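Subject: Structure handover

Hello,

I am passing on the structure we spoke about. Please look it over first; my notes on it follow below.

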Amino acid sequence: DLLLRISSPPYVTRTRHAARCSCVMILDIVNQSEFSFVLDGQWLKSGDFKTDSAAPIAAHSEVRLEIAPSGVDGVYGVAWWVDAGPGRNVYLSMAMSKPRLGKPSFCCFAGVPPANLKTELSKAPKLERSADGNCSGSSVGCEWDATAEGVRLNILPELAAFIPASASDDPAEDVHAVEEPAGQSENASHSDGGGEGYGAAVDSSECGDFMAQTRPKDATDGFVRGLKTAGAGVAGGLVTAVAAPVAG
């Protein structure tokens with residue numbers, strides 16, 4: 001009896017410690033692409049990176065990331081990386097959930113990011129381990145399979161680059177050019193973006209998300225975009241000034 005009383009506390013301590021650690025989300029990433037990724041942003045409602053989140057996911061390498069639970073929700077949130085090259089237009093976007101009770105969920109996009117990563121989080125599929133050892137989930141540029149502690153993610157070798165949509169991509173612009181009277185179509189300006197590229201299926205309620213994804217990558221890019229926006233505003237003002245007397 002004395003031996004049992006002495007040995008019980010360490011055993012209980014180890015059991016409780018294992019229970020605390022069961023919600024750690026471990027991401028084993030196999031990057032088969034030629035791109036190295038650096039963290040560009042994160043939104044973790046619950047959970048914190050245990051490993052160095054600033055460390056790059058190097059090209060043709062294997063990396064392990066650990067996210068520790070916090071709060072009652074365990075791990076819940078999104079994170080995205082961008083390629084470290086001069087283009088900075090190839091993304092790695094993840095949405096993950098590992099609650100303290102219930103099954104974890106996960107989805108990922110490599111190359112072109114989704115229109116709204118938080119929306120993808122709300123509908124991410126449950127992680128299920130495949131019976132034959134093959135990847136049980138896949139999406140743009142990647143595939144994954146559940147593990148006992150999280151997920152094993154394979155980033156495919158060929159990834160598409162993200163090209164932000166511009167006003168010239170808007171098919172509605174061609175329609176306005178046909179319908180407007182001659183002499184006005186050349187000065188028409190459309191600032192609502194949209195069109196074929198990223199965000200083509202994004203409605204007006206997600207306009208803020210689209211603009212956030214097309215943010216300037218550096219100061220020079222922001223300055224150029226500012227000049228373009230100012231130029232569009234001046235052009236729109238001139239059109240209004242010319243059109244108003246004609247309408248009157």
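Which residues does S105 touch, not counting residues up to four places away in sequence? They are M25, A95, M96, S97, A124, P125, K126 and L127. S105 itself has its place in strand β7 and is buried, with a relative accessible area of 6%.

Before the rest, a word on what kind of model this is. It is a predicted model, and the mean pLDDT of the protein chain is 73, with 56% of its residues at 70 or more. Over residues 177-208 the pLDDT is below 50, and in the model this stretch has 37 contacts beyond near neighbours in sequence. Residues 210-220 also have a pLDDT below 50, with 20 contacts beyond near neighbours in sequence. Where pLDDT is low, the predicted coordinates should not be read in detail. I would therefore not lean on the contacts listed for those two stretches.

Overall make-up

The protein chain has 248 residues, of which 33% are buried. Its secondary structure comes to 5 helices and 10 strands. Among the contacts with a separation of 6 or more, 59% are between residues 24 or more positions apart. About 14,300 Å² of the chain is exposed, and carbon and sulfur atoms supply 57% of that area.

The sheet

Six strands form an open sheet in the order β3-β4-β1-β10-β9-β8, and the pairing is mixed. At the edges stand β3 (48-49) and β8; each has a single partner strand, so one side of each is left without a neighbour in the sheet.

At the β3 edge, the partner is strand β4 (residues 61-68), and the two pair in the antiparallel sense over 2 bridges. D48 has A68 in β4 as its bridge partner.

At the other edge, strand β8 (residues 137-139) runs antiparallel to β9 and is joined to it by 3 bridges. Here G137 stands opposite W144 in β9. The two strands form a hairpin with 2 residues between them, and G141 in the turn has a positive phi of about 75°.

On from there, β9 pairs with strand β10 (residues 150-155), again in the antiparallel sense, over 5 bridges. One of the facing pairs is E143 and N154, the latter in β10. A hairpin of 3 residues joins β9 to β10.

Is strand β9 largely enclosed or left open by the rest of the structure? Strand β9 (residues 142-146) has 4 of its 5 residues buried, so it is largely enclosed by the rest of the structure.

The nonpolar core

The largest nonpolar core has 36 residues, and those touching the most other members are L27, L92, M94, F106 and L153. Strand β7 (residues 105-111) gives the largest share of this core, 5 residues. In soluble globular proteins, nonpolar side chains tend to be buried together.

L27 shows what such a member has around it. Leaving aside neighbours within four places in sequence, L27 is in contact with V63, R64, L65, I67, M94, M96, F106 and V151. M94 and F106 are among those that touch the most other core members.

Aromatic pairs

How many aromatic pairs does the structure hold? There are 3, and two of them are described here.

Y91 and F162 form an edge-to-face pair, 5.7 Å centre to centre with 75° between the planes. Y91 lies in strand β6 (residues 91-98) and F162 in the loop between β10 and α3 (171-179), so the pair ties together parts that are 71 residues apart in sequence. Y91 is buried, with a relative accessible area of 0%, and F162 counts as buried at 3%.

The other pair is F106 and W144. Their ring centres are 5.4 Å apart and their planes are at 80°, so this pair is edge-to-face. F106 lies in strand β7 and W144 in strand β9, so the pair ties together parts that are 38 residues apart in sequence. F106 counts as buried at 1% relative accessibility; W144 is buried too, with a relative accessible area of 5%. W144 is also the residue that G137 stands opposite in β9, and F106 is one of the contacts of L27.

Regards

Notes. Residues numbered from 1 in each chain as written. Heavy atoms only, no water. Buried < 20%, exposed > 50% of the residue type's maximum accessible area, 1.4 Å probe, protein only. Pairing = 2+ DSSP bridges. Contact = heavy atoms within 4.5 Å. Areas by Shrake-Rupley, 256 points an atom, 1.4 Å probe, with all protein chains shown as cover. pLDDT = per-residue confidence, 0-100. Core = buried A, V, L, I, M, F, W, Y, C linked by side-chain atoms within 4.5 Å. Phe/Tyr/Trp six-rings, centres within 6.5 Å; stacked < 30°, edge-to-face > 60°.
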